[in-house]
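Below is a short note on the strands and one helix of the model you sent. The points are numbered for reference.

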Amino acid sequence: MDRTLIQFYHCNKDIYCFSDYFEHLEYKSGLLYCPACFGRLKFNLLEAPVSIPCPFTNGHNVPCAFNIGSMLGPLHISEDDYSELHIGITDSKGLVYNYTLAGIRRDACGWEQCISVPLVQPDRNGLKEQWDRELEKFSSLDSWAPQRFYEERKFGSSCYGFALSFINHVRAIEAPSEHTFLRDFDGESDLHTGITDTKGVVYNYTKTGVQKDTLGWEKCISVPLVQPDMYSLIDQWDQYLEKFSSAQTWDPQCQRFDEEKHNCYNYTLAFINCVLATQDKRALSKDEFTQNFVVPRIKRASKYRMLCEEISRNYFYIVDSPPKEPEDGNSERSF
Ligand SMILES: [Zn+2]
């Protein structure tokens, strides 16, 4: 989306609109009016407009990824209408290969607003080179000739069939010991979780033990765990994290990674509970953590799209909202 979605609070309502509408109003009249009560807008700190981050990414900037876009724009990416979706695969340089009625296209632009699912871990440079070679070779196969666009195929005809066939092709030729790059895609391990230290290094538990990643977590959902004024905890956080991660339980030599019972999520949650214990706080259960911290953020992504649709139709989206408590500064805004 080239327009920024913003939210502000007025007359006991949360009001969502695009920022350009706001700018237009101000430019025209020099004044801002509330679209709900038509009162003049003056904001205090708690009511000030906030921008809502966009869940869509520039597919050309995500190497070796599965991209979901729409010919009609990102607002048409919807789980209700698959017919408008267009699917492509990026090479390591951001060129998007996609199958159309005219055969395989290699797009250097046009996928700036899409949902990208990275398929290759950022540090696997060897695989990236192979990826590009295979993608080019695979795209030149006779199966993707324009006249065969409507043919019945195992993974479906059309763009989706092409992308999925390619993924399965790479999966088939990849050495069995290296089944790592499509893990995010096979539905068994949709989510990967980790903990950042104070410098942004992401500690995460995998089959090969605890990884310390400085790259690869650019597109993720983050849950801040420490309030910015908790200086003593911030000071000790990195030490706790390092010590916790060196424990035998996360060493693959001592205890095996298990998709169900001993995985990245257990590692993350155990660390959080370990910190809570040092703070004399009760441990959170897995369900509690999921419900309170994970689920709301996943819902945000779908809410974002709904808001954009509503605003595109009606200029504003307005919902009733109880008066804000002045001392509520630490809690999150309702969105
Ligand atoms: Zn108002």
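Which residue of S6 is the bridge partner of Ile89?

1. Basis. This is a predicted model, in which local features need pLDDT of at least 70, side-chain atom pairs count only at pLDDT 80 or more, and totals for chains, interfaces and linings use all residues. Residues are numbered from 1 along each chain as its sequence is written.

2. Strands S5 and S6. The partner of Ile89 is Tyr97. Strand S5 (residues 85-90) runs antiparallel to S6, and the two share two bridges; strands count as paired if DSSP finds at least two bridges between them. Helices (H or I, at least four residues) and strands (E, at least two) are DSSP runs, numbered from the N terminus. The hairpin formed by S5 and S6 has five residues between the strands, and Gly94 in the turn has a positive phi of about 95°.

3. Strands S6 and S7. On to strand S7 (residues 103-107), S6 makes five bridges, again in the antiparallel sense. Thr100 has Gly103 of S7 as its bridge partner, and two residues make the hairpin connection from S6 to S7. Of the five residues in S6 (residues 96-100), four are buried, meaning that 20 or more other C-beta atoms lie within 10 Å of the residue's own (exposed: 12 or fewer; partly exposed: in between), with C-beta atoms placed from the backbone.

4. The four-stranded sheet. An open sheet with antiparallel pairing has four strands in the order S3-S1-S2-S12. Strand S3 (50-52) and strand S12 (316-320) each have a single partner strand, so each edge strand has one side without a neighbour in the sheet. From one strand to the next the twist averages 25°, using axes that are lines fitted to C-alpha atoms (for helices over the stretch in contact) and angles from 0 to 180 degrees between N-to-C directions. Within this sheet, S1 (residues 5-10) and S2 (residues 13-18) are antiparallel and joined by six bridges. Tyr9 stands opposite Asp14 in S2.

5. Helix H5. The 15 residues of H5 (residues 264-278) should span 21 Å at 1.5 Å a residue, and the end C-alpha atoms are 22 Å apart, which agrees; the expected span is 1.5 Å times one less than the number of residues. Cys264, Tyr267, Thr268 and Phe271 are the buried residues of H5. Their arc around the axis is only 100°, so they lie on the same side of H5; the arc is that of the directions from the helix axis to the C-beta atoms. These buried residues pack against strand S9 (195-196), strand S10 (202-206) and helix H4 (231-245), where contact requires C-beta atoms, placed from the backbone, within 7 Å.

Definitions and conventions. Contact = placed C-beta atoms within 7 Å.
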